[in-house]
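Here is a short report to read beside the model. Take a moment to look through the sequence and the coordinates, then read on.

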Amino acid sequence: MPRRNQPRKPSRRSEAGAGGDLLGNGLAREESGPVGYANERYMVRQVPGARATKTYRCPGCDQDVRPGVAHVVAWPSDPGGADDRRHWHTGCWAGRHTRGPARRWS
């Protein structure tokens with residue numbers, strides 16, 4: 001069958017929007033938290049460098065996550081947890097099981 005006659009596959013973007021996870025983000029996944037919070041579940045979303053437009057402070061290393069740097073946003077999955085979103089360097093989030101946050105928020 002010629003390529004132009006094949007049915008179109010749904011795009012990933014339209015499938016992701018249909019899920020409607022917390023904050024309307026179908027790309028978020030649930031993972032365990034960092035050391036000290038390992039029993040808690042966190043929603044995690046990747047932020048590509050092109051969409052990173054502000055400077056944030058990474059709780060894993062207490063250094064800046066600068067604009068244009070791909071990183072991870074994590075927040076507790078409990079109701080109202082989105083108010084506690086934190087922007088982590090991807091490597092800091094990956095190593096969260098071996099060292100806890102360098103900074104504590106109250």
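What follows covers confidence, the sheet and the cysteines.

**Confidence.** This is a predicted model, so let us begin with how far the predictor trusts it. The protein chain averages a pLDDT of 79, and 71% of the residues score at least 70. Among the elements, strand S4 (residues 64–65) has the highest mean pLDDT, 96, while helix H1 (residues 12–19) has the lowest, 42. The pLDDT is below 50 over residues 12–24, a stretch that has eleven contacts in the model beyond near neighbours in sequence.

**The sheet.** Four strands form an open sheet in the order S1-S2-S5-S6, and their pairing is antiparallel. At the edges lie strand S1 (29–32) and strand S6 (86–89), each pairing on one side only. On average, neighbouring strands of this sheet are turned by 40 degrees against each other, direction ignored. S1 is joined to strand S2 (residues 41–47) by four bridges; within S2, valine 44 is the bridge partner of arginine 29.

**The cysteines.** How many disulfides does the model hold? The count comes to zero. The table sets two of the cysteines side by side.

| Cysteine | Closest cysteine sulfur | Relative accessibility |
|---|---|---|
| Cysteine 58 | Cysteine 92, 3.7 Å | 0%, buried |
| Cysteine 61 | Cysteine 92, 3.8 Å | 24%, partly exposed |

Why is cysteine 61 not bonded to cysteine 92? A disulfide needs the sulfur atoms within 2.5 Å, and the sulfur of cysteine 61 is 3.8 Å from that of cysteine 92, which is too far for a bond. Cysteine 58 is in no disulfide either.

Methods
Residues are numbered from 1 along each chain as its sequence is written. This is a predicted model: local features need pLDDT of at least 70, side-chain atom pairs count only at pLDDT 80 or more; totals for chains, interfaces and linings use all residues. Side-chain values use heavy atoms; hydrogens and water are left out. pLDDT is the predictor's confidence in each residue, from 0 to 100. Helices (H or I, at least four residues) and strands (E, at least two) are DSSP runs, numbered from the N terminus. Contact means heavy atoms within 4.5 Å. Two strands pair if DSSP finds at least two bridges between them. Axes are lines fitted to C-alpha atoms, for helices over the stretch in contact, and angles run from 0 to 180 degrees between N-to-C directions. Buried means under 20% relative accessible area, exposed over 50%, partly exposed in between (1.4 Å probe, protein chains only).
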